[in-house]
Amino acid sequence: MRGITMFAEFVKTFVVGGLICVVGQLLIDLTKLTPARIVVLFVTAGVILTGVGVYPKLVEYAGCGATVPIVGFGYLLATGTKQAIAEMGLMGAMTGGVTAAAGGITAAVFFGYLFALLCRPAEKK
């Protein structure tokens, strides 16, 4: 019985994460938005949807299907800021989001630097 429950969890995660990616692909295909603007749009949407209480419910339902896409980064920033404000007041508004995302930011910088050292791009022909 546990196997069926775990399989259903995987399906929910895959479907929700896939639908978020479909929205991104539609924005790329059907609009003139640049990828950078789409990323900003997704992060901002994650913050706004968290603020109005929608995204936490989606995270509870889909788990990593909602936290791994870039919209989940906005959710992480908003959740960290909300928690830091509750603990530290106004100063938490300045530090909470970055503190909550510090592990992911550190990993991105570290691995980006590591791959920049190890990999040399070839010239385009």
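Which residues does Val 71 touch, not counting residues up to four places away in sequence? The exercises below start from this point and work outwards through a predicted model, in which local features need pLDDT of at least 70 and side-chain atom pairs count only at pLDDT 80 or more, while totals for chains, interfaces and linings use all residues. Residues are numbered from 1 along each chain as its sequence is written, and side-chain values use heavy atoms, with hydrogens and water left out.

**Exercise 1. List the contacts of Val 71 and place this residue in the nonpolar core.**

Step one: with contact taken as heavy atoms within 4.5 Å, Val 71 touches Ile 20, Phe 42, Gly 46 and Tyr 55.

Step two: a nonpolar core is a set of buried Ala, Val, Leu, Ile, Met, Phe, Trp, Tyr and Cys residues joined through side-chain atoms within 4.5 Å, where buried means under 20% relative accessible area, exposed over 50%, and partly exposed in between, for a 1.4 Å probe and protein chains only. The largest such core has 11 residues, and Val 71 is one of them, together with Val 16, Ile 20, Leu 27, Ile 38, Phe 42, Tyr 55, Val 59, Ala 62, Ala 66 and Tyr 75. Two or more residues of this core come from each of helix 1, helix 2, helix 3 and helix 5 (70-88), helices being DSSP runs (H or I, at least four residues) numbered from the N terminus.

**Exercise 2. Describe the lining of the largest pocket and its classes.**

Step one: on a 1 Å grid over the protein atoms alone, a pocket is an open set of points where a 1.4 Å probe fits, with protein on both sides within 12 Å along at least five of seven lines, and lining residues have an atom within 4 Å of a point. The largest pocket holds about 170 Å³ of space, a volume being the space filled by probe spheres set on the points.

Step two: its lining consists of Val 16, Ile 20, Val 23, Phe 42, Ala 45, Leu 49, Tyr 55, Leu 58 and Val 71. Helix 1 (2-30), helix 2 (35-51) and helix 3 (55-62) are the elements that give two or more residues to this lining.

Step three: sorted by class, the lining has 9 nonpolar, no polar and no charged residues.

**Exercise 3. Characterise the 2 aromatic pairs of the structure.**

Step one: rings of Phe, Tyr and Trp (its six-membered ring) pair if their centres lie within 6.5 Å, and planes under 30 degrees apart count as stacked, over 60 as edge-to-face and the rest as tilted. The structure holds 2 such pairs.

Step two: the ring centres of Tyr 55 and Tyr 75 are 5.7 Å apart and the planes stand at 50°, so this pair is tilted. Tyr 55 lies in helix 3 and Tyr 75 in helix 5, so the pair ties together parts that are 20 residues apart in sequence. Both Tyr 55 and Tyr 75 are buried.

Step three: Phe 110 and Phe 111 form an edge-to-face pair, with 5.1 Å centre to centre and 75° between the planes. Phe 110 is partly exposed at 47% relative accessibility, and Phe 111 is also partly exposed, at 43%.

**Exercise 4. State the burial and the contacts of Thr 50 and Phe 73.**

Step one: Thr 50 is placed in helix 2 and counts as buried at 13% relative accessibility. Leaving aside neighbours within four places in sequence, Thr 50 is in contact with Tyr 55, Pro 56, Tyr 75, Ala 78 and Thr 79.

Step two: Phe 73 belongs to helix 5 and, at 31% relative accessibility, is partly exposed. With neighbours within four places again left aside, Phe 73 is in contact with Val 43, Thr 67 and Ala 101. The C-alpha atoms of Phe 73 and Val 23 are separated by 16 Å, with these positions 50 residues apart along the chain.

Note on methods: Nonpolar A, V, L, I, M, F, W, Y, C, P; charged D, E, K, R; others polar.
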